[in-house]
Amino acid sequence: MTTRLTAEYLLPDLTEEERERAERVESVLPTLREAALEADACGEFPPGHVKTLAEAGLLGLVVPVEYGGLGGGLRDLAATTYALGTACGSTALAYFFHCSASSRGLLPLAAIDAGVYEDHEVEVVRAFAEKVLFAMGRDKRLLANFASEAVKASTANVLINTTARRTEGGWLLNGEKSFGCLSGTADHYLVTVRREDVEGIDGLSLALVARDSEGIRPRARWNGLGMRASDNHGLVMEDCFVADADALTVPGAFTRATQMSRGSWVGNQVAIAAIYAGIARGAWEYAFGRTMSATFADTGKPIASSPMHQVLVGNGEEALAEAHLWLRRQIDLEASDPPILPKPEVVASWKLAKGAICERSFSVAVDALKMCGTSGALMDNIIGRAVRDTSMGLVQAFPAERGRLDMAKMLVEKESWAGLTTSDTFARTPARAGARREEG
């Protein structure tokens, strides 16, 4: 009988090729699990994990084979982050932020194939996209993807205030990124900026910046409640130079590329939610195993057999199953070929799915805490980490309440928050800051 892989608890219908990639993931789980306790206590991404992931070929999981990757897709990414989450949520989150950089290569290439660029733009766009993909696949480089900033807009998920100013041979970057894993750890940072000389969202651009570049550094140390070992410190850029060859600054090029996403703006966001469900599964298996193996002194029966524990078992199993169902549905909507639903309906589904998955994952972690009692309520065991780590899913990207409201706005008012906007767009015409809504 074939051994059941962790990924198959989420996606039981893996293809032969997907299963081969999932076996690579399974091979690294013991190493990640062993390091999870110390990594959480120190609040640092274990440097040895980079080698572990690279040697397994996983840095190129979602990079096409022609660029040196494994050729996986969204199903692979979600299955992988789920499996990694069962071992170490922080590693899973950091890994996702590496893999999400691939969208900055894949979407522009898809846009080229779709003919959305002018002939004179194609060469520049292709060169940048391939640079990103070769770095992740062939060169096994660790990338970190930075968009979010501390400044916020009332009409968009992310407001880009970081600027790119023209200088000889390239661009000078100035600004601060508040969220993004692998600060100080990744080989290169993939940074979303706005050109100072181009108005509105057409000024949105991308820059690939080496970690040791002059003028770039992590922000103050992040002392997070959960996901503590993801090196989520953010970035500060002060006249950081990036060469023309390492930037995609063609006006509107990045924005047009995002239109190729099947889901919300740059796609693949469902793989973040999969992390929290994986963390929940890890905690649930621990709690169930613990209460089944421990027995009452007077009856000899498992502690799990008590009426209270059986209620918790039922609640936990239900919540975990619901998280899996939401994940599978959203993955199907974003990965099916041909598409099952039009993109606006896929995006609307994601607005609900993200919150539903994360709320249920947190609920499972809390039930696991209750099952294990006071003796299991420790900061440094899997239960303590799971409660803290899954709580971050309640606030990351957007809370469930925001998602439900946004979905309602899409149905009632035919619009929603934009994926990205820029500070000059917002300041110049506030009413139009969300004009280009959740298109990609």
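Is the crossing of α10 and α12 left-handed or right-handed? I will start from that question, and I should say at once that what we have on the screen is a predicted model. The crossing of α10 with α12 is left-handed, and the two helices, the second of which covers residues 400-412, pack with their axes 8 Å apart at an angle of about 160 degrees. Since angles over 145 degrees count as roughly antiparallel, α10 is roughly antiparallel to α12. On the α10 side the contact is made by Pro344, Val347, Ala348, Lys351, Leu352, Gly355 and Glu359, and these meet Ala400, Glu401, Gly403, Arg404, Asp406, Met407 and Met410 of α12. By residue type, this contact holds seven nonpolar, two polar and five charged residues.

Let me stay with α10, which runs over residues 343-376, and turn to its packing with α8, residues 270-293, where the axes come within 9 Å and cross at roughly 20 degrees. That angle is under the 35 degrees that count as roughly parallel, and α8 and α10 are therefore roughly parallel to each other. The crossing of α8 and α10 is left-handed. Among the α8 residues in this contact are Tyr276, Trp284, Tyr286, Phe288 and Arg290, and the α10 residues that α8 meets include Trp350, Ile357, Asp367, Met371 and Cys372. Sorted by type, the contact of α8 with α10 comprises 17 nonpolar, four polar and two charged residues.

Just ahead of α10 in the chain, there is a backbone detail worth finding on the screen: Pro338 sits in the loop between α9, residues 307-335, and α10, and the peptide bond that leads from Asp337 to Pro338 is cis, with omega near 5 degrees.

Now to the strands, where I would begin with β3, residues 163-167, and β4, residues 170-177, which pair in the antiparallel sense over five bridges. These two strands form a hairpin with two residues between them, and in the turn Gly169 has a positive phi of about 80 degrees. Within β3, please look at Ala164, which stands opposite Leu173 of β4 and also opposite Arg195 of β5. The pairing of β3 with β5, residues 188-195, is in the parallel sense and runs over two bridges.

Strand β4 also pairs with β8, residues 235-243, in the antiparallel sense over seven bridges, and there Trp171 is placed opposite Val242 of β8. Strand β8 in turn pairs with β7, residues 216-218, again in the antiparallel sense, over three bridges, with Arg217 opposite Val236.

Another residue with a positive phi is Lys140, at about 50 degrees, although Lys140 is not a glycine; its place is in the loop between α6 and β1, the latter being residues 143-146.

Finally, how many aromatic pairs does a search of the whole structure find? The search finds five, and I will show one of them, Tyr67 with Phe134, whose ring centres are 4.9 Å apart and whose planes stand at 75 degrees, so the pair is edge-to-face. This pair links distant parts of the chain, since Tyr67 lies in the loop between α2 and α3 while Phe134 belongs to α6, residues 119-136, and the two are 67 residues apart.

Technical notes. Residues are numbered from 1 along each chain as its sequence is written. This is a predicted model: local features need pLDDT of at least 70, side-chain atom pairs count only at pLDDT 80 or more; totals for chains, interfaces and linings use all residues. Side-chain values use heavy atoms; hydrogens and water are left out. Axes are lines fitted to C-alpha atoms, for helices over the stretch in contact, and angles run from 0 to 180 degrees between N-to-C directions. Helices (H or I, at least four residues) and strands (E, at least two) are DSSP runs, numbered from the N terminus. Angles under 35 degrees count as roughly parallel, over 145 as roughly antiparallel, 65 to 115 as roughly perpendicular and the rest as oblique. A crossing is left-handed if the near helix is turned anticlockwise from the far one by less than a right angle, and right-handed if clockwise. Contact means heavy atoms within 4.5 Å. Ala, Val, Leu, Ile, Met, Phe, Trp, Tyr, Cys and Pro count as nonpolar, Asp, Glu, Lys and Arg as charged, and the others, Gly among them, as polar. Two strands pair if DSSP finds at least two bridges between them. Rings of Phe, Tyr and Trp (its six-membered ring) pair if their centres lie within 6.5 Å; planes under 30 degrees apart count as stacked, over 60 as edge-to-face and the rest as tilted.
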